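Please look over the sequence and the model below before reading on. The report that follows takes up a few places in turn.

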Amino acid sequence: MDNLWKGRLVKSLDQMAKNFNDSIHFDYIMFEEDINGSIAHANMLGEVGIIAKKESDEIIRELEKIKQDIKNNNLQIDFDAEDIHTFIEAELTSRIGDIGKKLHTARSRNDQSAVTTKLFLRKKINEIKHGIKCLVGTVVEIAENNIDTIMPGLTHLQLAQPTTLAHHFLAYNAMFMRDYARFDDCLKRLNTSPLGAGALAGTTFPINQEMTSEALGFTNPCFNSLDAISSRDHIIELASACSILMMHFSRLCEDLIIWNNQLFDFVVFDDAHSTGSSMMPQKKNPDLAELIRGKSGRCYGNLMSLLTMMKGLALSYNKDMQEDKQPIFDSVDTVLQSLDILTEMLSKITFNKQTMLMACEKGFINATDCADYLVGKGVPFRDAYKITGELINFCINENKTLQEVKIEDYKSFSQYFEKDIYDAIDLIKCVARRIKGGGPAPESLKNQIDVSKNFLNNL
């Protein structure tokens, strides 16, 4: 198959150089977007009279047939072609002859490739947005079922304050909703049409960029032809959004992996999302959560690859930019797979609510409430903090919880302690009082759940 650029060069690339240069082994997945871009371009060429209308109609009819033939496996992609653009054009020309050669009028492979990639990534962003929507909905269900599930909140991975399972998961929903907004913002900046930019300086033909832009669902044409074919910040931005989302997935999976450890025993993964050990028969491993955690590194690496690839390139197009596709294809595929697995995994996970509650009772997790109790009696916070710390040391030495300390022992640390201290350090009441600041009180959680539901209803 002849290369599109054959003409100036007499000799062909040798086979090793050709294999190194070709991109069809990874850009073939964009065949539908390439054909859609060509259909819009052909229609415009006919409408403005650059080629005859009957010729553009014939090109469009045959391009539609080629698209369906590939989808139906009636046409196999030739991986000896340089790229998907070369293959489609060669197939078109083989079917309708010289008329097919007119398709590339007023177009370069530079703007053709740019528009094809944008169309493909726009589709992937919308798939990711849908996946995040489903994940947020799953987390809402978990939250609604666990408003009263008391669990320890951690700082420095140490027992800190009592919270609820709903509160914990709604924190991730806050992250996921911001992630959705990031992809939505990225889509707005990506959604401009490069068609018409040509190789770098536009074209002398009387094209109608607004027509092709509208036909392909873009908001408007790119206003600078150099920028249209030589910028990849929309791809880098998408890779960044993927990396941030995967970081959030990784943190959630780390929580679940820790909770799944027998020393915590907060959660049990469904058998469908666990594996065993080839040697240790007692093992039930959270492999899928670990894989999601590990795959975040792939997305980070792809982002760094793209940034490094672009950092030293003078305007305008350079062949280096062919290296944009594999990293971003891998990132969006990794995100989509992780979204599906994580959502399904969360929908079938079991939470050991009693174990979570018992963990709260062991770790003086209500110490802050004890100090706040003294503050409510008029004790300055720093003094209340010190008194409570001394009381905790007493409990450790006596092997007691704050609930087990007798009132006379409380009074030995401060005259302000009364019998109502036991209400103040009751775990359920501790949580119920935390209404302000987006805390875990039921009233606050219901408001947070409403925020998530409003987000879903407004999509």
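In which loop does L157 lie? In this predicted model, L157 is found in the loop between β1 (150-155) and β2. The residue has a positive phi of about 60° although it is not a glycine, and with a relative accessible area of 55% it is exposed, because residues over 50% are counted in that class. L157 also joins L154 and L159 in making a nonpolar surface patch of about 250 Å². Of these partners, L159 belongs to strand β2 (residues 158-164), and its relative accessible area of 38% makes it partly exposed.

A positive phi appears again at N73, a residue other than glycine, where the value is near 60°. N73 is placed in the loop between α4 (53-71) and α5 (84-96), and with a relative accessible area of 58% it is exposed. Another backbone feature is the peptide bond from L315 to S316, which is cis, with omega near 10°; S316 is found in the loop between α12 and α13.

Turning to the interior, the largest nonpolar core has 70 residues, and among these I128, F169 and F176 touch the most other members. Several helices give two or more residues to this core, including α7 (109-144), α8 (165-190) and α20 (442-457), while α11 gives the most, with 15 residues.

The aromatic rings can be read in a similar way. The structure holds 14 aromatic pairs, and a pair of aromatic rings is described by the distance of the centres and the angle of the planes. Two of the pairs are set out here.

| Pair | Centre to centre | Angle between planes | Kind |
|---|---|---|---|
| W259 and F266 | 6.3 Å | 50° | tilted |
| F264 and F266 | 5.3 Å | 80° | edge-to-face |

Why is the pair of F264 and F266 called edge-to-face? Its planes stand at 80°, and an angle over 60 degrees counts as edge-to-face, so the pair receives that name. F266 counts as buried at 3% relative accessibility, and W259 is buried as well, whereas F264 is partly exposed, with a relative accessible area of 26%. These three residues, W259, F264 and F266, form one aromatic cluster together with F169 and F351.

Finally, rings also meet charged side chains. R122 lies over the face of F218, at 5.0 Å from the ring centre, and the charged end of R382 sits over the ring of Y385, 5.6 Å from its centre.

Technical notes
Residues are numbered from 1 along each chain as its sequence is written. Side-chain values use heavy atoms; hydrogens and water are left out. Patches are made of residues with over 30% relative accessible area and no salt bridge: like charges are joined within 9 Å, nonpolar side chains (Val, Leu, Ile, Met, Phe, Trp, Tyr) within 5 Å. Accessible areas come from the Shrake-Rupley method with a 1.4 Å probe; for residues, only the protein chains shown count as cover. A salt bridge is a side-chain nitrogen of Lys or Arg within 4 Å of a carboxyl oxygen of Asp or Glu. Helices (H or I, at least four residues) and strands (E, at least two) are DSSP runs, numbered from the N terminus. Buried means under 20% relative accessible area, exposed over 50%, partly exposed in between (1.4 Å probe, protein chains only). Rings of Phe, Tyr and Trp (its six-membered ring) pair if their centres lie within 6.5 Å; planes under 30 degrees apart count as stacked, over 60 as edge-to-face and the rest as tilted. A charge sits over a ring if NZ of Lys or CZ of Arg is within 6 Å of the ring centre and within 35 degrees of the ring normal. A nonpolar core is a set of buried Ala, Val, Leu, Ile, Met, Phe, Trp, Tyr and Cys residues joined through side-chain atoms within 4.5 Å.
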